[in-house]
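Let us walk through this structure together, one charged pair at a time. Take a moment to look it over before reading on.

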Amino acid sequence: MDYKFVPSVCPYCGTGCGVLFEVIDGKLAGTLPNKTHPVNEGKLCIKGWNMHEYVNSFMRLKQPLVKSFGRFLKTDWDEAIRITADRFKEIVEKHGPDSIGVLVSAKITNEENYLAQKFARAVIGTNNVDHCARL
Amino acid sequence: MQAQVEQWLKEGTVDLFIGYKKIDGHVMPHFFTKEKIDEVKDLVAGQAHYSLEKIATKVAAEHPDMKIGILLARNCNQQALNVLTIWNQLNSDNIKTIDAFGDACPSEQAEDIAPYKQQNGLSKSMVPEDAEAFDQEQRFSRWMYEFSKCMKCYGCRNICPVCFCKECSLEHKDLVGTGNLPPEIPVFHLVRAVHMAGRCIDCGLCEEACPSDIPLRLLYRKVNEIVKDVYDYETGTSPDQSPFSVLGEKVVLETTKL
Ligand code: SF4
Ligand code: SF4
Ligand code: SF4
């Protein structure tokens, strides 16, 4: 028997609402708005209220998959990154760096967004950087 | 309070005590157990309100025989327990409570109302008579203005201690139209209002959770005023089943499984 509430921050958008995860016997069972959180003051949108559902979803990806001959095969991070890097190199060599674009997100941190644009500009060599909120 | 909880846990009067603890500067619901008896000294009351009773129903659904202690911070918490017991969501034999009443009801606090809302809407600090001072047409348009802000987050239902249905009518496509925002109004809000007849204990949690500042409690207060006038039933304090459980003997409201 193990029941607890774990404070966290909603990962859905950039607002950063405070939530409490309800954990019953080791399983994420519910989400409540954090009533004293300065951002959302006890309110949530419909996505926030249902966060525990995607964490427990059977469709959730838990490890990298690589598409090979039309099928997704499980792999590890090193392998997945190596394959992606090789493909990027091929594409840049063949079609030029502007054939690649990088989409950043409100769900990731400021620093991660910075790294993503740095990667686009300094590594790939393109200014094609955009944000998910503008899609 | 702490000494009592400690004693109950040590003696096995309760297997679990649901109260509040301050974590990272936030007062939040916390489960106190015998295994972590030291934590009981951090038990606090009030400052933030969650429906500990609703949390208890979830525990009871998983462990029907567990003896649960609950901290009651306000009078409405006791009423919520009564309603949940009447509707078979909690077994009163397994529930022990500690009263730490004393927190002011948020409805008694003053409210700043924006001029636009003053002109076109209804405020949370109103009582049914205030709203009835407007003529019917005005009242309807004011309610429609309030409802039109609804973003269908279901927060009002999710947070409500006495909303426990396995399948909620608000998500039933034949009852409430789908695919639009705001949801079908006023049907969405009226369906919920009708369900709160004989059930809503006026705790105000729905209103606190509503991101759109809709005076939901005012609506449910009116509904339960009618219940009192017509059926002489005081929701939350009457010990009998509500007049609306006319569902027939075969229908059993089961506890919600998580
Ligand atoms: S005031 Fe709102 S949250 Fe409280 S019992 Fe009534 S409907 Fe539910
Ligand atoms: S009482 Fe009505 S609004 Fe509340 S959960 Fe049940 S069906 Fe939904
Ligand atoms: S909490 Fe407010 S915005 Fe959310 S569904 Fe209820 S009435 Fe609509």
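A good place to start is Glu22(A), which is buried, with a relative accessible area of 2% (buried means under 20% relative accessible area, exposed over 50%, and partly exposed in between, with a 1.4 Å probe and protein chains only). This is a predicted model, in which local features need pLDDT of at least 70 and side-chain atom pairs count only at pLDDT 80 or more, while totals for chains, interfaces and linings use all residues. Residues are numbered from 1 along each chain as its sequence is written, chains are lettered from A and ligands numbered from 1 in the order in which they are written, and side-chain values use heavy atoms, with hydrogens and water left out.

What does Glu22(A) form a salt bridge with? The partner is Lys58(B), and the closest N and O atoms are 3.1 Å apart; a salt bridge here is a side-chain nitrogen of Lys or Arg within 4 Å of a carboxyl oxygen of Asp or Glu. Lys58(B) counts as partly exposed, at 22% relative accessibility.

Now step back to the interface that this pair spans. Across the interface of chain A and chain B, the rule finds 2 salt bridges. Strand S1 (3-9), strand S2 (18-24), strand S3 (27-33) and helix H1 (46-49) of chain A each supply at least two residues of the side that touches chain B; helices (H or I, at least four residues) and strands (E, at least two) are DSSP runs, numbered from the N terminus. The largest share of that side, 4 residues, comes from S1(A). In total, 24 residues of chain A are in contact (heavy atoms within 4.5 Å) with 31 residues of chain B.

Other charged pairs sit within a single chain. In chain A, Asp86(A) and Arg82(A) meet in a salt bridge with an N to O distance of 3.2 Å. Both lie in helix H3 (residues 77-95), 4 residues apart, about one turn of the helix. Asp86(A) is partly exposed at 32%, and Arg82(A) is also partly exposed, at 44%.

In chain B, Glu39(B) and Lys21(B) pair at 3.7 Å, N to O. This salt bridge links distant parts of the chain: Glu39(B) is in the loop between strand S2 (26-32) and strand S3 (43-44), and Lys21(B) is in strand S1 (residues 16-23), 18 residues apart. Both Glu39(B) and Lys21(B) are buried.

Finally, Lys117(B), Lys124(B), Glu146(B), Lys149(B) and Asp213(B) are linked in a network of salt bridges. Over all chains, the count comes to 17 salt bridges.
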